[in-house]
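Here is my note on the model you sent round, set out as numbered points. Please read it beside the sequence and the structure.

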Amino acid sequence: MLTVRNPANGAAITELPTDDAQSIATKYRAARAALPAWVALPLQERIDMLRRFREALTADVDRLASVLTSETGKPIRQAKNEISGLRTRIDFFLESTQPTIAVRAVHNADGMREQISHEPLGVIANISAWNYPYFVGGNVFVPALLTGNAVLYKPSEFAALTGIEIGKLLHRSGVSEAIFRVVIGDGAVGAELIKQPIDGVFFTGSYATGQRIARELGPRMVKLQLELGGKDPIYVRDDIDVPKAAAALADGAMYNTGQSCCSVERIYVHQAIYEDFVKAFVKEVEGFKIGEPAAETTYIGPITRAPQVDVLERQVADAVRKGAKLVLGGTRVQQPGNWFLPSVLTDVDHSMDVMREESFGPIIGIQKVTGDDEALHLMNDSEYGLTAGVYTNDEQRAKSILAQLRAGSVYWNCCDRVSPRLPWSGVGHSGVGLTLSTYGIEAFTRPKAWHLKSA
Ligand code: NAD
């Protein structure tokens, strides 16, 4: 059994039966058997089902948001934002799947025609993180289903109730239970799932787990996508409106209680505006309301996974021991549940864990830099490469900096942003493969090359 807990107070919400090797094998076989009929359906029928799923999300948003809030501690307003964000992503997939996977004629000369079709991969595993279950799950299962795949969906053990809700909504929308199957359990259940002879694994989670999965799947030549962590940097130049940049970056660092793969995790500020920026940033963070995640006005909630509180505490202690200044927060809150105060560290450097390892919580290091060269060097000095950006009034300079950043997504005067129209990918330890955009539709297909010659 899996005990689902409320991270805001530590109380058990419910117990769920978990899958095991046998039940996973049964689900896999059912998906495999149902696949030919699913592939044979006209695309329009799958589009209609996903459109009904989109409508069901809209109709049930309040209840779905409170389920998500209860098990992850995500502030309720942000839970609702996530669900409406998934609707926007679905709209993109509904419009873009047909043109993306239509047969493409690429050559016709001398009696020889060449064309490309997009075949579904087959039965895929969608192993998901808890921090944005609607986003990171939906980035996979929506295009995977539309392109004719069957999905074994393992939500995180910290968002299992939401995973079950997603399954129910899809089934009510017409997707059969064999084609979309929820697999419940922790990492051991995920490890069992990928032992099945599946055709692809689409994973969102930590670098450590991604590495484990890659080791298991490498020799089996299974298509693998890994969307992993980040240590995302932003550089603030001295030609910028300081309070405006500080407000945007405080939100980028603390939204979802800092538990986003693309949260701002490192800030480099030009020395000419450093003191002013820190003051403005701290003022913004002090304005964030911390508290009961079910309250509409709450901006910062609990930490979803209890062990992460220890990680945050260790990062603060390591930074302070090495000379950083703690200007805000820095401690856990002594009350039931997993609470850590929003924290700001200044005078940090790259000898400190807080500037090198993913924090995944409401804590930020702000480092002073002398100019563009130093900022660029420090931003690229990371194993991760998910997102990075610059705040400046100089578009030319911004574009030159963005071109040199080693990251999947780059931002000018914005941050912590994902668009369904753009590919979401990482460099280095942030992963391999991508979701979203038309590339994130093709990712669930295998291009087949047709050489056609009339006799
Ligand atoms: P995690 O790696 O602990 O778990 C992710 C999923 O993998 C869970 O469903 C878990 O049960 C499963 N799992 C664990 N061990 C497994 C194994 N051996 N085999 C198969 N499955 C296994 O990560 P998490 O704590 O859920 O998520 C947080 C991490 O996810 C952060 O690093 C964050 O940056 C990253 N993330 C990345 C993106 C992105 O798009 N790049 C998006 C969201 C989160």
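1. A polar contact here is a pair of N or O atoms within 3.5 Å; within protein, one of the two must be able to donate a hydrogen and the other to accept it, and residues adjacent in sequence count only if both atoms are side-chain atoms. On that footing, an N or O atom in the side chain of Glu-157 lies 2.6 Å from an oxygen atom of the ligand. Taken alone, the ligand exposes 850 Å², of which the protein buries 91% (Shrake-Rupley accessible areas with a 1.4 Å probe; for residues, only the protein chains shown count as cover).

2. Please keep the basis of these values in mind: the model is predicted, so that local features need pLDDT of at least 70 and side-chain atom pairs count only at pLDDT 80 or more, while totals for chains, interfaces and linings use all residues. Residues are numbered from 1 along each chain as its sequence is written, and side-chain values use heavy atoms, with hydrogens and water left out.

3. Two further residues approach oxygen atoms of the ligand: a polar side-chain atom of Lys-154 at 2.9 Å, and a backbone N or O atom of Ser-128 at 2.8 Å.

4. The ligand is surrounded by 29 residues (near means that a heavy atom of the residue lies within 4 Å), and the closest are Glu-157, Ser-206, Thr-209, Leu-228 and Glu-358. By class, this shell has 13 nonpolar, 10 polar and 6 charged residues, where Ala, Val, Leu, Ile, Met, Phe, Trp, Tyr, Cys and Pro count as nonpolar, Asp, Glu, Lys and Arg as charged, and the others, Gly among them, as polar.

5. Helix H7 (187-193), strand E8 (200-204) and helix H8 (207-217) each supply at least two residues of the shell, and H7 gives the largest share, 3 residues. Helices (H or I, at least four residues) and strands (E, at least two) are DSSP runs, numbered from the N terminus.

6. Thr-435, in strand E21 (residues 434-435), is buried, with a relative accessible area of 3%; buried means under 20%, exposed over 50%, and partly exposed in between (1.4 Å probe, protein chains only). Its side chain makes a polar contact of 2.7 Å with the side chain of Glu-227.

7. Asn-256 merits a look at the backbone, having a positive phi of about 55 degrees although it is not a glycine. Asn-256 sits in the loop between helix H9 (242-254) and strand E11 (264-270), and is buried, with a relative accessible area of 3%.
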